[in-house]
Amino acid sequence: MCPLLSMALLRLALLAMLLVLLCSAFPRTLEFPELEASHPAEPYRRRVVALLHAHPVLAFTRSYCEESRRTTALLRELELPFYEMVLDKDRDGPYLHHILAEASGQTDTPYVFVREKYVGNYEQVWQAYTRGQLNKADEEEAPAPAVSTSDSVPEKLISTAEETPAREL
């Protein structure tokens, strides 16, 4: 292969990786499409949505995951009050993880949400903080703004989530 062609392909690959990194660094809204009431995953989807509504900062983690430990330590260091759902300690954990993985496209924990928007893992939380996209603890404790379909969970999911409150751990 020609050296110039291999250099061009390398540059193209690096540019693609940079684009993926930049796109994943910003908080985004995930869609949790409503399922038929008889669908076996529907109760778990409703539980995820209810947890998102109930907690301004929410981290879905696993107790044995080093990335999860680093992320929760970072959230504590940044003095962001958060609720941690440890998936491997919850009886519904595997099902909740499946719902989160399908919606985010990310298969590994942690899954961090701020005001119902998906932030990502350790690196993405840190990047969002350094860009000023995460507020200090006193602002996080303020009441959540009214939910709108344009920047949060779809309206049809809200009514479903309100019907089934989240179970306490």
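Me: Axes are lines fitted to C-alpha atoms, for helices over the stretch in contact, and angles run from 0 to 180 degrees between N-to-C directions. This is a predicted model: local features need pLDDT of at least 70, side-chain atom pairs count only at pLDDT 80 or more, and totals for chains, interfaces and linings use all residues. Residues are numbered from 1 along each chain as its sequence is written, and side-chain values use heavy atoms, leaving out hydrogens and water. At roughly what angle do the axes of helix 2 and helix 4 cross?

Reply: Helices (H or I, at least four residues) and strands (E, at least two) are DSSP runs, numbered from the N terminus. Helix 2 covers residues 42-54 and helix 4 covers residues 93-104. Their axes come within 9 Å, and the crossing angle is roughly 75°.

Me: Is helix 2 roughly parallel or roughly perpendicular to helix 4?

Reply: Angles under 35 degrees count as roughly parallel, over 145 as roughly antiparallel, 65 to 115 as roughly perpendicular and the rest as oblique. The crossing is at roughly 75°. Helix 2 is therefore, relative to helix 4, roughly perpendicular.

Me: How many charged residues are in the contact of helix 2 with helix 4?

Reply: Contact means heavy atoms within 4.5 Å. Helix 2 brings Tyr-44, Arg-45, Arg-47 and Val-48, while helix 4 brings Tyr-95, Leu-96, Ile-99 and Leu-100. Ala, Val, Leu, Ile, Met, Phe, Trp, Tyr, Cys and Pro count as nonpolar, Asp, Glu, Lys and Arg as charged, and the others, Gly among them, as polar. The split is six nonpolar, no polar, and the charged count is two.

Me: Which are the edge strands of the sheet?

Reply: Two strands pair if DSSP finds at least two bridges between them. Four strands form an open sheet with mixed pairing, in the order 2-1-3-4. An edge strand pairs on one side only, and that picks out strand 2 (83-86) and strand 4 (117-120).

Me: Which strand runs parallel to strand 1 (residues 57-61)?

Reply: Strand 1 has four bridges to strand 3, and that pair runs antiparallel. One of its residues, Ala-59, has Val-112 in strand 3 as bridge partner. On the other pairing, Thr-61 is matched with Val-86. There, four bridges in parallel register join strand 1 to strand 2.

Me: Which residue stands opposite Phe-113 in strand 4?

Reply: Strand 3 and strand 4 run antiparallel and are joined by three bridges. Their hairpin has two residues between the strands, and Arg-115 there takes a positive phi near 50°. Across from Phe-113 in strand 4 is Tyr-118.

Me: Which residues of strand 3 (111-114) point the other way from Tyr-111 and Phe-113?

Reply: In a regular strand the side chains alternate between the two faces of the sheet. All four named residues of strand 3 are buried (under 20% relative accessible area; exposed is over 50%, partly exposed in between, with a 1.4 Å probe and protein chains only). Tyr-111 and Phe-113 point one way, and the other way point Val-112 and Val-114.

Me: At about what angle does helix 4 run to strand 3?

Reply: Helix 4 lies across strand 1, strand 2, strand 3 and strand 4. Within the sheet, neighbouring strands are turned by 25° against each other on average, direction ignored. Against strand 3, helix 4 runs at about 70°.

Me: Is Thr-107 buried or exposed?

Reply: Thr-107 sits in the loop between helix 4 and strand 3. Not counting residues up to four places away in sequence, it touches His-97 and Ala-101. Because its relative accessibility is 55%, Thr-107 counts as exposed.

Me: With which side chain does the side chain of Thr-109 make a polar contact?

Reply: Thr-109 is in the loop between helix 4 and strand 3, and at 4% relative accessible area it is buried. Its neighbours beyond four places in sequence include Phe-60, Cys-65, Leu-87 and His-97. A polar contact is a pair of N or O atoms within 3.5 Å; within protein, one must be able to donate a hydrogen and the other to accept it, and residues adjacent in sequence count only if both atoms are side-chain atoms. At 3.2 Å, the partner is Ser-68.

Me: How many charged residues has the contact of helix 3 with helix 5?

Reply: The axes of helix 3 (residues 66-77) and helix 5 come within 9 Å and cross at roughly 20°, which means that the two are roughly parallel. Glu-67, Arg-70, Thr-71, Leu-74 and Leu-75 meet Tyr-122, Glu-123, Val-125 and Trp-126. By class there are five nonpolar residues, one polar, and charged residues number three.
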